[in-house]
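Let's take a walk through this fold together, beginning with the sheet and working outwards to the helices and loops. Keep the viewer open as you read.

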Amino acid sequence: MADGVSTDEQKIDELLSRSIAEVLPTKKDFKELLLSGKRLRFYIGTDATGPQLHLGHSTNYLILEKFRQLGHEIIILFGDYTALIGDPTDKEAARVQQTPEQVAGHIRDWKSQVEKIVNFTDPINPAKILQNSEWLSKLSFENLIDIASNFTVQHMLERDMFEKRINTGKPVYLHEFFYPLMQGYDSVAMDVDVEMGGTDQTFNMLAGRILQKRYYNKEKFIISTTLLANPATGKKLMSKSEGNYIALNDTPQDMFGKTMALPDGVVRQMFIDTTNVPLAEIEKILEEHPKKAKMRLARELVTMYHSADAAQKAQDDWQNTFSEGGVPDEVPEVFVFSGTKYLETLADALHESKSEIRRLIDAGAVSEVGGEKVTDVDAVITRPQSLRIGKHRFLNIFLNITSK
RNA sequence: GCGUCGGUGGUAGAGUGGUCAAUUACACUUGGCUGUAAACCAAGCGGCUUCGGCCUUCGGGGGUUCGAAUCCCUCCCGGCGCACCA
């Protein structure tokens, strides 16, 4: 057995039973390989456009980190070259080429978010970051033809999303077929043993399996992980387009609050896919009152990405604010002259239109903390006060000393 | 290239000369009820407003008309069919 690779069967079983949708070709073979003590090379691809990461992304990294801890090699691949095409999994068709500086910046951003989960500084076995432009930019047309000759158009068209787009009369661009080829070639270039990704990546990951078999006669394993979805509706829990995601770099207060606003039905899924709380303990937690269970989840998450202290503080803030009608510790402040309209002050401070503020005032959404509602659209500010706008927006107003 | 259908607000998708700031659904915001959950009820959901209105929006530009998201021309983008395929 190779140095430093753990074959602890209990740990392996635990790892394989959580957040993993499928292992190809079979989970049994994969487990045997893990038990053999061979040091395996794992990789996961990531979008190089440098987005804000959210909890939906964390699942894979949590799992990878566990494999890293077992002693396996972990590569995180930045798809800076594939970004030229854009993954057809999402709808965007055309993307703009990025400069090396931009890519480097994205990697820095990305790393600052993920290093809370994945260890890049371990002296013995740190996770590594690679960029696929390193090899993809060097391929010749001849290489591409050779790679492409392993796939058929029929095969490509099997992809659900292509089929869907064809059926609904949406365009399918030829270059989109290259995406799986490129991602597949990444596996070859790095000669990996295992690729991991969400279930939505299965097709792309299989392309790599085909190519590795062809070029190296090697059986790559594929781990597809469950996507964080609401079990009741099947909808994605963290959707960037809907803006309701919990970002890995959210402030403790935001993270706590957003977690508490999640539907009850998703708490189990969240615990399993986004925390390291042991499965047995999760079940125990879920026996408690839903609110308590959710608070525990929120605490757990804030602790992971910030600290236990921050979690405690976020919880205190949350309880103080919402259960007892108080104000959080950190509230935006504005200084205005006495006689300024609420309308103007709020529009300015909240970056909303005046019409929007008018609506909010009409709806009774603006009130003084612990006091009266502001009901008159034309009312003016005459003294310093703390305002609450809707459920979770606050504003402390102070008066400028000098007069207008 | 020819023909044909289509491009509407966050999304889907109505509207085919004035009653359209544009039906409806979903999403979203706010109020109520709560556990800042869900469900449910209600209101809102382009901007500005002296609250009478005014301004900007239906792929881009131009035109017809008292008046256009709606008609015409043109350009751009897409689907489908046909043709071309050195």
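**The sheet and its surroundings**

In this predicted model, six strands make up an open sheet with mixed pairing, and their order is 1-6-5-2-3-4. Strand 1 (20-24) and strand 4 (128-131) sit at the edges with a single partner strand each, so one side of each has no neighbour in the sheet. Go from strand to neighbouring strand and you'll find an average turn of 25° between them, direction ignored.

As a reminder, strands of a sheet pair through backbone hydrogen bonds, and they can do so parallel or antiparallel. Let's look at some of the pairings here. Strand 2 runs parallel to strand 3 (residues 73-78), and six bridges join them. If you want a spot to zoom in on, Arg 41 has Glu 73 of strand 3 as its bridge partner. Helix 9 (residues 178-190) packs on this sheet, where it touches strand 2, strand 3, strand 4 and strand 5. The direction of helix 9 makes about 150° with that of strand 2.

Now step to the pairing of strand 2 (residues 41-46) with strand 5 (residues 194-198): this one is parallel too, over three bridges. Here Tyr 43 has Glu 195 in strand 5 as its bridge partner. Strand 5 also pairs in the parallel sense with strand 6 (residues 221-225), over five bridges, and Met 196 stands opposite Ile 223 of strand 6. How does the chain get from strand 5 to strand 6? It crosses through helix 10 (residues 202-216), in a β-α-β crossover that is right-handed.

Stay at the end of that crossover for a moment, since the loop between helix 10 and strand 6 holds Asn 217. Most residues other than glycine have a negative phi. Asn 217 isn't a glycine, yet its phi is positive, about 50°. Is Asn 217 buried or exposed? It counts as exposed, because there are 7 C-beta neighbours inside 10 Å.

**Helices and loops**

Back towards the start of the chain, look for the loop between strand 1 and helix 2, where Pro 25 is found. Most peptide bonds are trans, but the one from Leu 24 to Pro 25 is cis, with omega near 0°.

Helix 2 (residues 27-35) packs with helix 1 (residues 9-16) at an angle of about 145°, and their axes are 11 Å apart. The crossing of helix 1 and helix 2 is right-handed. Helix 1 brings Glu 9, Ile 12 and Leu 16 to this contact, while helix 2 supplies Lys 27, Lys 31, Leu 34 and Leu 35.

Further along comes helix 14 (residues 290-305), whose 16 residues reach 23 Å from first C-alpha to last, close to the expected 22 Å. Among its buried residues are Leu 297, Leu 301, Val 302 and Met 304, and also the charged-sounding names Lys 294, Arg 296 and Glu 300.

The loop between helix 16 (342-350) and helix 17 (354-362) is home to His 351, which is another non-glycine residue with a positive phi, near 55°. His 351 is exposed, because 8 other C-beta atoms lie within 10 Å.

Our last stop is Gly 390, in the loop between strand 9 (385-389) and strand 10 (393-399). Gly 390 counts as exposed because it has 12 C-beta neighbours inside 10 Å. Leaving aside residues up to four places away in sequence, Gly 390 touches Leu 360 and Ala 365.

Methods: Residues numbered from 1 in each chain as written. Chains lettered and ligands numbered in written order. Predicted model: local features only at pLDDT ≥ 70, side-chain atom pairs only at ≥ 80, totals over all residues. Helix = DSSP H or I, 4+ residues; strand = E, 2+ residues; numbered from the N terminus. Expected span 1.5 Å × (residues − 1). Buried ≥ 20, exposed ≤ 12 C-beta atoms within 10 Å, placed from the backbone. Pairing = 2+ DSSP bridges. Right-handed = clockwise from strand over helix to strand, strands pointing away. Axes fitted to C-alpha atoms, helices over the stretch in contact; angles between N-to-C directions. Left-handed = near helix turned anticlockwise from the far one by under 90°. Contact = placed C-beta atoms within 7 Å.
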